[in-house]
Amino acid sequence: MATSSFAQKVTLTDLTGDVSIQGELLNFDGSHYMLRTFLRDLRLDASLMRCEGVACPADTIEVSEFRISGSKTLGEKLIPNLINAYGVNRLGTFGSVSRTQGQNGSVNYEVLSTSGDMIAGVDVAASNTTDGLSDLLQGNTAIALASRPARNRETRAFQEAGFGNIRATENEHIVALDGILLITSPDNPVRAITQQNAALAFAGRITNWSELGGPNQPINIYVRDDNSGTREVFDNLLMRPAGLQVSNNVRLASSDEALSQMVTNDPNGLGFTNFTNGSDASALAIEGVCGLQTPPNAFTIKTEEYPLTRLLYMYKSDQALPVHAKGLLDFTMSDTAQDLISEAGFINQSIRKTSIDNQGLRVASAVVANRDFETFPQLQEMIQQLISSERLSTTFRFETGSSRLDARAKDDIVRLAQLLSTDAYRNKEVVFVGFTDSIGNPELNRELSESRAQQVVDELLQENANLQSRVALRAIGYGEISPLGCNETNTGRRINRRVEVWVRDILARN
């Protein structure tokens, strides 16, 4: 098909939908476009681009078949919607998606063109995280779905097999967030519980609500079966850290939705479910050993301040992906997919904001935590800085024992840079506020927190150097004076090591 007779304007869009390039199509050789733009001529891989315009050659979309396996939570609730939307939003010749039952419980999806030809064939096997990562290691799947991070032994197995580090940024993709809620009936007066007491109750060591500040009534425990993804995360987040197991004297539910309804109808019920299936049940705040309480809501889950937050992942190895497997993965990480993630009942990674009024609990917690009179001037300074600001849900954290941003933070840098480039943030001041845990010297912690905040600013400017001409960027550190978790626990210390993002009008700057 090589020819030089095109010379007509077309638009080439990458499969993520994030980059579009217009120009004159000079040539198409079957695998690459030669495009003349006002800057220079470009040679672009046709398998990674969608061509729009009368000069576009026909049938340039590569056909590929692949398998996705792993977490039932993602495989059944989210992936089907993403496959359909990928066809609609990314493939110019899309007609429909057909669905048939595959072998061993899998489901086959075929993305069809308007003429009925298959563009992409996707076999989705929804089971559990362990099976998905095992399939990926054995080369039986292109993408593994996971409702937990890959374990150290799993990561080592990939490296030993020559498949690279699946925890690396290019291989580990955080798709969405969810929270494990501890739920009771709306008729139950208990509104908060410690993680330790919750674990003891589910283990059958605490059996009466009076031991939890409630009425003198027996606690009826409701749980999912051992094969449930929600149950696996519940055990990992709550039971195993306490060295306990769920009691045999429990009532099993066949689904998260059913469990939530059973607890709602039982004034003495206690159960767990994911954030999306809380239904009419009452979700308990988590109280730390130091007395700090964290309510379960979309904002505290987005910031990972709620202790029972879980991240949902897609993993690939260093092996090359089929073109539409890569396209679907890229689409999943795009802004377009965020609404789909919410519609599927998960918490997406779009950036929310909240006023200082809605952060009243954290301000009160900071006052309570700072019993040393010498720290009050710093606390007063912090509140003065933030009182006229709004907090964004983007919260940066670092790898344990490292100055490197974690996998989620690197993606958030891109999202934040895009948000701050919009007109809504022109002439605003963006304040990056660093905090630490209470381990170590307070003054050194304050220096460290400011250094980490400045590091985030530097990485943001590496992503988009033009931001400095649009918004004012400022880094501040307040060390350990505003804990959101209890420093007595590893989870609390991890929550406290963070860089928050606050936005205010330039006139509000002190």
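# Notebook: disulfide, two sheets, two helices, one loop residue

I counted the disulfides and the total came to one. The model I am reading is a predicted one.

**Entry 1. The disulfide.** I looked up which cysteines are joined, and found C51 bonded to C56, with an S to S distance of 1.9 Å. A bond of this kind is covalent and links the sulfur atoms of two cysteines. I then read the torsion about the S-S bond of C51 and C56: it is about -80°, so I noted the disulfide as left-handed. Are C51 and C56 buried or exposed? I found both C51 and C56 to be buried.

**Entry 2. T11.** I went to T11 next, since C51 is among the residues that T11 touches. I located T11 in strand β1, which covers residues 8–14. Its relative accessibility is 17%, and the cut-off for buried is under 20%, so I entered T11 as buried. Leaving out residues up to four places away in sequence, I listed S20, I21, Q22, R50, C51 and E52 as touched by T11. For one of these, Q22, I also noted a polar contact, side chain to side chain with T11, at 3.4 Å.

**Entry 3. The sheet that holds β1.** I traced the strand order as β4-β3-β2-β1-β5, an open sheet of five strands with antiparallel pairing. Which strands stand at the edges? I found β4 and β5 (49–52) there; each has a single partner strand, so one side of each is left without a neighbour in the sheet. Ignoring direction, I read an average turn of 45° between neighbouring strands of this sheet.

I then went through the pairings.

- I counted six bridges between β1 and β2, in the antiparallel sense, and found G23 in β2 as the bridge partner of V10.
- I counted four bridges between β2 (residues 20–28) and β3, again antiparallel, with L35 in β3 as the bridge partner of L25.
- I counted five bridges between β3 and β4 (residues 41–45), also antiparallel, with Y33 opposite L44 in β4.
- I noted that β3 and β4 are joined by a hairpin through four residues.

**Entry 4. The two faces of β3.** Side chains of a regular strand alternate between the two faces of the sheet. I checked this on β3 (residues 32–36) and found the side chains alternating. On one face I have Y33 and L35, which are buried. On the other I have H32, M34 and R36, which are not buried.

**Entry 5. A second sheet.** I traced another open sheet of five strands, in the order β20-β21-β24-β22-β23, and noted its pairing as mixed. Its edges are β20 (353–355) and β23 (472–477); each has a single partner strand, so one side of each lacks a neighbour in the sheet. The twist I read for this sheet averages 30° from one strand to the next. How do β22 and β23 run? I found β22 (residues 428–435) and β23 to be parallel, joined by six bridges. Across this pair, I have V431 opposite R474 in β23. I also looked up what lies across the sheet strands: helix α14 (residues 442–463) lies across β21 (390–396), β22, β23 and β24 (498–505). Relative to β23, I noted that α14 runs at about 155°.

**Entry 6. Helix α7.** Which residues of α7 (residues 256–264) are buried? I listed D256, L259, S260, V263 and T264. They cover an arc of only 135° around the axis, so I placed them on the same side of α7. I then looked up what these buried residues pack against, and found β11 (172–184), β13 (220–224), α6 (229–239), β14 (251–253) and β15 (269–274).

**Entry 7. R151.** I found R151 in the loop between β10 (143–146) and α4 (152–160). Its relative accessibility is 25%, so I entered R151 as partly exposed. Leaving aside neighbours within four places in sequence, I have R151 in contact with T130, E232 and N236. I also checked the separation of R151 and R167: they are 16 residues apart in sequence, and their C-alpha atoms are 9.3 Å apart.

Note on methods
Residues are numbered from 1 along each chain as its sequence is written. This is a predicted model: local features need pLDDT of at least 70, side-chain atom pairs count only at pLDDT 80 or more; totals for chains, interfaces and linings use all residues. Side-chain values use heavy atoms; hydrogens and water are left out. Two strands pair if DSSP finds at least two bridges between them. Axes are lines fitted to C-alpha atoms, for helices over the stretch in contact, and angles run from 0 to 180 degrees between N-to-C directions. Contact means heavy atoms within 4.5 Å. Buried means under 20% relative accessible area, exposed over 50%, partly exposed in between (1.4 Å probe, protein chains only). The arc is that of the directions from the helix axis to the C-beta atoms. A disulfide is a pair of cysteine sulfur atoms within 2.5 Å. A polar contact is a pair of N or O atoms within 3.5 Å; within protein, one must be able to donate a hydrogen and the other to accept it, and residues adjacent in sequence count only if both atoms are side-chain atoms.
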